[in-house]
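I opened the notebook to keep track of what I looked up, one topic at a time. The entries follow in the order in which I checked them.

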Amino acid sequence: MRGITGDQVLLILILSSTLLFWPLGFAKAVRAVLTPKTFIGRGYLSIVFIALFTSGARVIFDASESAPICEVARLYGLLRPALIILLAAVLYRMIKKAEGVDLYQVFMNTLLIFGALSIFLGVAQGMGIDWAVDFLSNFYTRDLNFEDVLKYGRAYGTFDGQPNVFGTFCGLYILLLLNRMKSLTSLLVLAPLIVGAGLGLIFSGSRGALLALLISIVVWAVLSRNLYGFLAIAVGGLSAAVIVSIASDLVPPALMNRLAEAVGLQDSSSVGLTSSRLPYWTQTADLFTDEPLRLIWGIPCTLIPPTDNLQLALAAALGLPGLLVFMTILIMMGQRQFRAGGPYAIEFLVCLLFLLLNGTSYPTFLNARIGDLFWMSATLLFLSGSYGGIRCVSSK
């Protein structure tokens, strides 16, 4: 929910051009993504309608009447997943007739290839390599609260000065790699990438991402029973631990203590993960109690403090009913994919679980980069299972 950004304008231009030069295919893509079987299109469309209502209500009845442009930017950010879902449907429609093309798998392979570059840059930045630090500080910084990032020496890679978002991406990257551990060869090829992503997560200092990843890996292990995945976890974890212990001077003590807080091993002088978020959560809760009707239409964006919580962020933007609808849609998406089975069902479920667990400490789910990855992959997966693409088959 970053508001009006250049890449979103480009996204609108791409979709507009597609509508202009390929109207029949565009119409079929819209129809495909809005059918009950696909589910995801109708689900997010309901969220858009709720967002329109809550934004209007805040402008008319609440403090947003003095700054409506802020609500326009917020609404614009909430519309972004709808544009991504539509783009995914258009792409699927374009190559639907290609025999044997698994567009979801193509997208994931592309993500893993190019994502490795972002992780490499983040690790190089965390290790203090001059050219990486200079490059990222010149092109991927942010203005708000950036001093906190510098204070702990946290790496943020290509995620605009947002180390928590970079840590979230590293966690997702590891989960995606684990699901591709099918043989000894894949273990040998992919294990170095897991080690790199693990180092990226360490250098990000993201406590929420670390804790959410540990829980998600346990769930993945129980559901998948993948021997090579177990070996990859062991090799990756031990390798990252050895690298950090041998080169302990590469990781600032303040950063290591932050990560220790995620599992309750911090020293007595540290502020725990929950304690550091509690003031912001309390401020947000007070804004609801000050005006109970905000439970219906949310909190004006000019008043909201940093929520550092996915559920509070959604309640602030969509009201309590909108929060319930949003979470219900996500849960139903996970449930439908898990029931369908297939090679990607567990992967989708654990990635969704990871994002929701991490969201309790930082709403990375609403970050444009992470959100784009989720909604694009989810739409391609649902379309593949519903429209004659690569249908879900039993993985047993």
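**Cysteines.** I began with C301, which counts as buried because its relative accessibility is 16%, under the 20% cut-off for that class. The model is a predicted one, and in it I found one disulfide. That bond joins C301 to C70, with 1.9 Å from S to S. I then placed the two partners: C70 belongs to helix 4 (residues 68-95) and C301 to the loop between helix 14 and helix 15, so the bond ties together parts that are 231 residues apart in sequence. Unlike its buried partner, C70 is partly exposed at 25% relative accessibility. I also looked up C170, which is buried with a relative accessible area of 0%, and C351, which is buried with 11%.

**Helix 16.** C351 led me to helix 16, where it is listed among the buried residues. The helix runs over residues 345-359, and its end C-alpha atoms lie 21 Å apart, which agrees with the 21 Å that its 15 residues should span. Twelve of those 15 residues are buried, so I noted the helix as mostly covered. Among the buried ones I wrote down F348, L352, F354 and L355, together with the charged residue E347.

**Salt bridges.** How many salt bridges does the count come to? I noted six. In one of them E71 pairs with R58, the closest N and O atoms being 2.8 Å apart. Since E71 sits in helix 4 and R58 in helix 3 (residues 40-61), this pair ties together parts that are 13 residues apart in sequence, and therefore connects two helices. Both E71 and R58 are buried, and I recorded that R58, E71 and R74 are linked in a network of salt bridges.

I next checked D62 and R294, whose side chains meet in a salt bridge at 2.8 Å, N to O. This pair links distant parts of the chain, with D62 in the loop between helix 3 and helix 4 and R294 in helix 14, 232 residues apart. Both D62 and R294 are buried.

A further salt bridge is formed by D160 and R369, with 3.0 Å between the closest N and O atoms. D160 is in the loop between helix 7 (146-152) and helix 8 (163-178), whereas R369 is in helix 17 (residues 368-386), so the pair ties together parts that are 209 residues apart in sequence. I marked R369 as partly exposed, with a relative accessible area of 28%.

**Nonpolar patch.** On the surface I found a nonpolar patch of about 550 Å², made by F53, L293, L295, I296, L320 and L324. Helix 14 (294-297) and helix 15 (310-340) each supply at least two of the patch residues. L320, which has its place in helix 15, counts as partly exposed because its relative accessibility is 39%.

**Helix 9.** My last entry concerns helix 9 (residues 184-204), whose 21 residues reach 30 Å from the first C-alpha to the last, close to the 30 Å expected. Where does helix 9 bend? The bend, of about 40 degrees, is at L190, and a proline, P192, follows within four residues. Because 15 of its 21 residues are buried, I described helix 9 as largely enclosed by the rest of the structure. Just after the helix, G205 takes a positive phi of about 70 degrees.

How values were computed. Residues numbered from 1 in each chain as written. Predicted model: local features only at pLDDT ≥ 70, side-chain atom pairs only at ≥ 80, totals over all residues. Heavy atoms only, no water. Expected span 1.5 Å × (residues − 1). Bend = angle between axes of the 7 residues up to and from the residue. Buried < 20%, exposed > 50% of the residue type's maximum accessible area, 1.4 Å probe, protein only. Patch = residues over 30% accessible without salt bridge, like charges linked within 9 Å, V, L, I, M, F, W, Y side chains within 5 Å. Areas by Shrake-Rupley, 256 points an atom, 1.4 Å probe, with all protein chains shown as cover. Salt bridge = Lys/Arg side-chain N within 4 Å of Asp/Glu carboxyl O. Disulfide = S-S within 2.5 Å.
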